[in-house]
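Visitor: Could you take me slowly through one part of this protein, explaining each term as you come to it? I would like to look closely at the disulfides and what surrounds them.

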Amino acid sequence: MPRLPRRTRPFAAALTLLMAGTAAVTPAHAAPPPHPAGSGAPAAACALPGATGWTDEGHDTDPVQFQPSTGTRRVLTLFVDFADARATEPTDAYAAQLAPAARWMRTASYGHLRLDVTPLRRWIRMPQTSTSYGFERGLTFETHERYVRDAITAADPHVDFSGYDMVYVVPAREATAIPFSPTYLYDPSGPGVTADGTRLKWAVTFGQDMWRWGHKVVAHETGHTFGLPDLYAFTGETHRFAGGWDVMGNIAGAAPQFLGWHSWKLGWIRDRQVACLPAAGERTVRLSPVERPGGTKIAVIRTGRTTAYVAESRRARGVDGSACSTGVLIYRIDSATTTGEGPVRIMNGNPAATPPTGCTPLDMGAYTPGQSFTDPATGTRIDVLAGGAAGDVIRLGATGGD
C-alpha cells in the first residue's frame, strides 16, 4: 500500500458483448459519437477518467506524481541494518529473493517494461534504531519519507544516485520492527529527498513480509508507483473484491497476472488490442489470453462516466502457471472508487464451486462456453460462445437497462 502525500493523505474462439443503453462519456466528459450495432468504436471511448485524486482505475494517470510504466526504469537496491538490528549474513540471499521480479515484470508487460535493478551489495547502517521509524505504531508519510531519506543519505558516499529512477530499501531480517512493505510516492509540494542533484521520487521500502510474498511483492509495490490502486479490501474479508486474479489484489494468488484493464492503463496493451462498446450496440469479439502477447486482449462495455464492464480470456500460460479456473474473466471497473474499497470487482461465474487448496471462491469465477453474465441495471449482457487454449469468443450487446 502506498503512502499518501500530505496534500492528499486522509489518515493506495469469439465473444459477444451486449452493451448498456446509457450514453457514456469520454474522459474529456464529452459524449462519444453513436456507433451502429456491430461496428467498432475507438478504444479511447471506453477509457475512464480518474476521479479519486490518487491511485485509481482512470487512464489519465498523473505523469508528475507517478512514474512512466514503459521503457527501462533504473532501480537501485539498498540493504540496510540498524544498531538494534544488525545484519548477520551477506546480502546475497536478500538480492536473490527479489531478483526474479525483473523477469516477471518484463513477461507481464509483454516486454514493454524493463526493471534494470542494481543491488548495492553491502550493508548500510541507518542512523536511527529500527523501532524509531514508526512501522509498528502506524506509519505516517513524514516518518516514511524520513526513513527513505536516511537510507539514501547513508548510502550516498557509496553510490551516485543521479543514475537511478527509484530505490528499493531492504532491511535486515533482524529488523522485525519493519514488518511490511509500503511504497513511497513523493509529495511534489514538499522538499522531498535529494541526492547527487537528483530528486528521488519513488521508493519501495520492503519489510519482513517480503520473505512470505516473495518477488511478486516487488510487482505489487512497484505497480503503485505507476498509479495502480490496491484491489484487496482494507476492511472486512481481504480478498472479496478481486481474489487472486491480479497482483494488486492477492499477491500470493494462483494466477496474479495483471488484469487486462491494468495492462491497458499502463500502456502494455495497445488501443488496437481493445474492443470497445461505448454505447448501445452489439458485437462479437475473439479474445486472446492475457497471459501471452498478441491479439485482442480485452472487451470493454462502458456503462457510465466512471464505470465499465471488462471481459478477458484467462488461460494461465504466462507469468504464474496455472489458475484456479480458466475461461472468460468478467469484472466491473469504477474509477471513482478509492483504493482498497473495490475499484475492481470480479463477477463470479461459478459461485457454487468448492475451491481447491490455495484458491478462494472468487478464484473459481471464470465464465465458460454456454454461460452468460447480465446486469439488468445497465442492460449489459456478455455471452461466452466458445473457448479453448487459443482464447475465447464472446458476444456483447445492450438492451438499455431497466
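Guide: What follows begins with the disulfides and then turns to the residues around one of them. This is a predicted model, in which local features need pLDDT of at least 70 and side-chain atom pairs count only at pLDDT 80 or more, while totals for chains, interfaces and linings use all residues. Residues are numbered from 1 along each chain as its sequence is written, and side-chain values use heavy atoms, with hydrogens and water left out.

A disulfide is a covalent bond between the sulfur atoms of two cysteines; here it is recognised as a pair of cysteine sulfur atoms within 2.5 Å. By this rule there are two disulfides, and they follow the pattern 1-2, 3-4 when bonded cysteines are counted along the chain.

Cys46 and Cys276 form a disulfide with their sulfur atoms 2.1 Å apart, and this link is right-handed, with 85° about the S-S bond. Cys46 lies in the loop between strand S2 (15-18) and strand S3 (71-81), and Cys276 in strand S10 (residues 274-277), so the pair ties together parts that are 230 residues apart in sequence. Strands (E, at least two residues) and helices (H or I, at least four) are DSSP runs, numbered from the N terminus. Both Cys46 and Cys276 are buried, where buried means under 20% relative accessible area, determined with a 1.4 Å probe on protein chains only.

In the other pair, Cys324 and Cys359, the sulfur atoms are 1.9 Å apart, and the link is left-handed, with -90° about the S-S bond. Cys324 lies in the loop between strand S13 (307-314) and strand S14 (327-334), and Cys359 in the loop between strand S15 (344-346) and strand S16 (372-375), so this pair ties together parts that are 35 residues apart in sequence. Cys324 and Cys359 are both buried too.

Returning to Cys46, we find it among the residues that Trp264 touches, along with Ala43, Ala47 and His59, when residues up to four places away in sequence are not counted; contact here means heavy atoms within 4.5 Å. Trp264 is also, with Phe161, Phe258 and Tyr331, one of the residues that touch the most other members of the largest nonpolar core, which has 91 residues. Such a core is a set of buried Ala, Val, Leu, Ile, Met, Phe, Trp, Tyr and Cys residues joined through side-chain atoms within 4.5 Å.

Definitions and conventions: Buried < 20%, exposed > 50% of the residue type's maximum accessible area, 1.4 Å probe, protein only.
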